[in-house]
Amino acid sequence: MNATPTKAAVDPRMVRTLFFEDLAVGMRETLMKTVMETDVVGFANVSGDDNPIHLCDTYAAGTRFGQRIAHGLYTASLISAVLGTRLPGAGAVYRSQTLNFHAPVKIGDVVNVIVEVTELVREGRKVKLHCEALVDNMLVLDGEAIVSVPSRPKAGLS
């Protein structure tokens, strides 16, 4: 059988790994992402949420938004991208996430996600982070995440 190597979904050079001991209150990381048509359709396919507010121009035109909007959880997933690849990065495991939705995100919007460490809890190596997403400097989503983060490996251990 001919095994074809698979391409990594994420370039490991772009993934940051911070251990619990590396973190400090006030550390921040951001991510900017333009919401594309393919993102919304892809998210609908993966999630099974095919609400026409996300997928049908005719339907969406008759809503209070006047056009299609991205799934709220698609926008929230951008927070997950920051947590898993930048702050704290690889090895971080979600414990909880609160979400407050303030405004719609439309196709073509540039979403700026900001995540900031607000508390470090040594027991369980838990990190609390304030999370927000903005479009044109307007808050569209905010909440708090709690993640567990690994400790730095002890020297000499493999």
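A residue is called buried when its relative accessible area is under 20%, exposed when it is over 50%, and partly exposed in between (1.4 Å probe, protein chains only). By this scale R28, with a relative accessible area of 48%, is partly exposed. The structure is a predicted model, in which local features need pLDDT of at least 70 and side-chain atom pairs count only at pLDDT 80 or more, while totals for chains, interfaces and linings use all residues. Residues are numbered from 1 along each chain as its sequence is written, and side-chain values use heavy atoms, with hydrogens and water left out.

Let us begin with the overall fold. The protein has four helices and six strands; here helices (H or I, at least four residues) and strands (E, at least two) are DSSP runs, numbered from the N terminus. Read from the N terminus, the order of the elements is β-α-α-α-α-β-β-β-β-β. Of the 158 residues in the protein, 31% are buried. About 9,500 Å² of the protein is exposed, and carbon and sulfur atoms supply 54% of this area, as computed by the Shrake-Rupley method with a 1.4 Å probe, where for residues only the protein chains shown count as cover. Contact means heavy atoms within 4.5 Å. Among contacts in the protein with a separation of 6 or more, 66% are between residues 24 or more positions apart.

Charged pairs come next. The structure contains six salt bridges, each being a side-chain nitrogen of Lys or Arg within 4 Å of a carboxyl oxygen of Asp or Glu. One of them joins D22 to R152, whose closest N and O atoms are 2.4 Å apart. This pair connects distant parts of the chain, since D22 sits in the segment before β1 (28-34) and R152 in the segment after β6, 130 residues apart. D22 is partly exposed at 28% relative accessibility, and R152 is partly exposed with a relative accessible area of 41%.

R28, met above, forms a salt bridge with E116, with 3.3 Å between the closest N and O atoms. R28 lies in strand β1 and E116 in strand β4 (residues 110-121), so this pair ties together parts that are 88 residues apart in sequence. E116 is partly exposed, at 24% relative accessibility. Another salt bridge links K128 and E119, the closest N and O atoms being 3.4 Å apart. K128 counts as partly exposed at 24% relative accessibility, and so does E119 at 33%. In addition, E37, D57 and R68 are joined into one network by salt bridges that share partners.

D142 gives a contrasting picture. This residue belongs to strand β6 (residues 138-148). D142 is buried yet has no salt bridge, and the nearest side chain of opposite charge, R28, is 13 Å away; in this count Lys and Arg are positive and Asp and Glu negative, while His and the chain ends are not counted. The side chain of D142 does make a polar contact with the side chain of H102, at 2.9 Å. A polar contact is a pair of N or O atoms within 3.5 Å; within protein, one must be able to donate a hydrogen and the other to accept it, and residues adjacent in sequence count only if both atoms are side-chain atoms. Leaving aside neighbours within four places in sequence, the residues in contact with D142 include T98, H130 and C131.

C131 is itself buried, with a relative accessible area of 0%, whereas C56 is partly exposed at 28% relative accessibility. A search of the whole structure finds zero disulfides, a disulfide being a pair of cysteine sulfur atoms within 2.5 Å.
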